[in-house]
Amino acid sequence: MAVKDVSGNGRPRFRFAAPGDLLGAHLSTRGGICSVFERAARIEASAFALFAKNSNQWLGKPLAPEEAARFGELRAGLGNPPVLTHASYLINLATTSEEFHRKSIAGLVDELKRAERLGAFAVVLHPGAHMGAGVDAGLDRIARSLDRVHAEIDTNVVTLLETAAGQGSCLGCTFEELGRIMKLVDDPRRLGVCVDTCHVFSAGYDLRTRDGWERIVGEIDAEVGVGNVGAFHLNDSKRDLGSRVDRHEHIGEGRIGLEPFAFILNDERFDRVPKVLETPKPDEFEADRRNLSELRALLRPTADSAPRSARPGAP
């Protein structure tokens, strides 16, 4: 199979115009999937993420047509902010178990269908764990699995491969590994990347200095292309650089610190890419409001107010 070049090419694929600064959080759907809009309003989110079904089930209750329609109406009423869904934690496209592999394929197809009905632009997916088969075999199995998923569903919803912290046999803890998946799939345009700050720090990427951040962006561009970054998860880390342990902390209260988030937020290469919190929630709203306030205080004023289409790939 010919290796495709997905790096360093052209304009960003994921740019959005929406009310506000495209900052938000992963929100609970307790009380019904449409309840996320009340929660989004309470934390002044201008982008957000959610689980489209129970995150610890293979297949969830069908999404009722009237519920999906209401979701679209409420989203339109807020100016169509970017919405991300997060795939079930059970899905492992690199698994060596044929039963779990079959369920993972069906599970991701179901997640993409749900996201499409909700008007979400992407599903965030943990790439998978090779379970002892080895990195090369695991990456190839993920790519072939994505090809099967793409053959089963034709949709504009993109799968964003999330950076991993590197625990156990989890794959995707380097941008080189994510890039290899994107180069192996038959249709790389159906993939992108979600950068989780806690995960990349735990995997060994030091973003605490300007030079460190620039080196990371250079690797992103070389391996997956900056234009293929479709979202950020903004989280501080409870654990040290290179710990390979995934433990999120409030913004500015962990090992990363506050200043590095200013590098990300004010980087014009990612200025219209949605950025959502996955920080701890000891209470439902106050922690998100506090963390978003910390982030918004780091934003520099910008003169860029030209309208842009709220569709992936818009100039």
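1. Cys194 counts as buried in this predicted model, because its relative accessibility is 0%. The other cysteine to consider beside it is Cys198, which is likewise buried, because its relative accessibility is also given as 0%. Burial and bonding are separate matters, however, and the next point takes up the second of them.

2. How many disulfides does the structure hold? The count is 0. For Cys194 the reason is one of distance: the closest cysteine sulfur, in Cys198, is 12 Å away, which is too far for a bond, because a disulfide requires two cysteine sulfur atoms within 2.5 Å. Seen from the other side, Cys198 is in no disulfide either, with the sulfur of Cys194 as its nearest cysteine sulfur at 12 Å.

3. Cys194 belongs to strand β6, and this strand deserves a careful look, since 6 of its 6 residues are buried. On one side of β6 stand Leu191, Val193 and Val195, on the other stand Gly192, Cys194 and Asp196, and with every one of these residues buried, both faces of the strand are covered.

4. The neighbours of β6 can be followed through its pairing with other strands. With β5 it pairs in the parallel sense over 4 bridges, and Leu161 is found opposite Val193 of β6. With β7 it also pairs in the parallel sense, over 4 bridges, and there the bridge partner of Asp196 is His233 in β7.

5. Which elements make a right-handed β-α-β unit? They are β5, α5 and β6. The helix of this unit, α5, spans residues 175–184 and is mostly covered, with 7 of its 10 residues buried. The buried residues are Phe175, Glu177, Leu178, Gly179, Ile181, Met182 and Lys183, a list that a student may wish to follow along the helix in the structure. The buried residues of α5 pack against the two strands of the unit, β5 (158–162) and β6 (191–196), and also against the helices α4 (135–152), α6 (197–202) and α7 (210–223).

6. Turning to aromatic side chains, a search of the whole structure finds 8 aromatic pairs. One of them joins Phe16 and Phe121, whose rings are tilted, with 4.6 Å from centre to centre and 55 degrees between the planes. Phe16 lies in the segment before β1 (23–26), whereas Phe121 lies in the loop between α3 (98–118) and β4 (122–125), so the pair ties together parts that are 105 residues apart in sequence. Both partners are covered: Phe16 is buried, with a relative accessible area of 3%, and Phe121 counts as buried because its relative accessibility is 7%.

7. A further aromatic pair is formed by Phe232 and Phe270, and this one is edge-to-face, with centres 5.2 Å apart and 80 degrees between the planes. It links distant parts of the chain, as Phe232 sits in strand β7 (residues 229–234) and Phe270 in the loop between α8 (259–265) and β10 (275–277), 38 residues apart. Phe232 and Phe270 are both buried.

8. Two other arrangements around aromatic rings should be mentioned. Phe37, Phe48 and Phe71 are linked by ring pairs into a cluster. In another case a charged residue is involved, for Arg42 lies over the face of Phe285, at 3.9 Å from the ring centre.

9. The last region to examine includes helix α3, where Ser104 has its place. Is Ser104 buried or exposed? Ser104 counts as buried, because its relative accessibility is 0%. When its neighbours within four places in sequence are left aside, Ser104 is in contact with Trp58, Leu90, Ile91, Asn92 and Leu93.

10. Ile91, one of those contacts of Ser104, is placed in the loop between β3 (83–86) and α3, and it counts as buried because its relative accessibility is 5%. Not counting residues up to four places away in sequence, Ile91 touches Trp58, Ser104, Gly107, Leu108, Glu111, Leu125 and His126, so that a reader tracing these contacts will find Trp58 listed both here and for Ser104. As for spacing, Ile91 and Arg141 are 50 residues apart in sequence, while their C-alpha atoms are 13 Å apart in space.

Methods:
Residues numbered from 1 in each chain as written. Predicted model: local features only at pLDDT ≥ 70, side-chain atom pairs only at ≥ 80, totals over all residues. Heavy atoms only, no water. Buried < 20%, exposed > 50% of the residue type's maximum accessible area, 1.4 Å probe, protein only. Contact = heavy atoms within 4.5 Å. Phe/Tyr/Trp six-rings, centres within 6.5 Å; stacked < 30°, edge-to-face > 60°. Lys NZ or Arg CZ within 6 Å of the ring centre and 35° of its normal. Pairing = 2+ DSSP bridges. Right-handed = clockwise from strand over helix to strand, strands pointing away.
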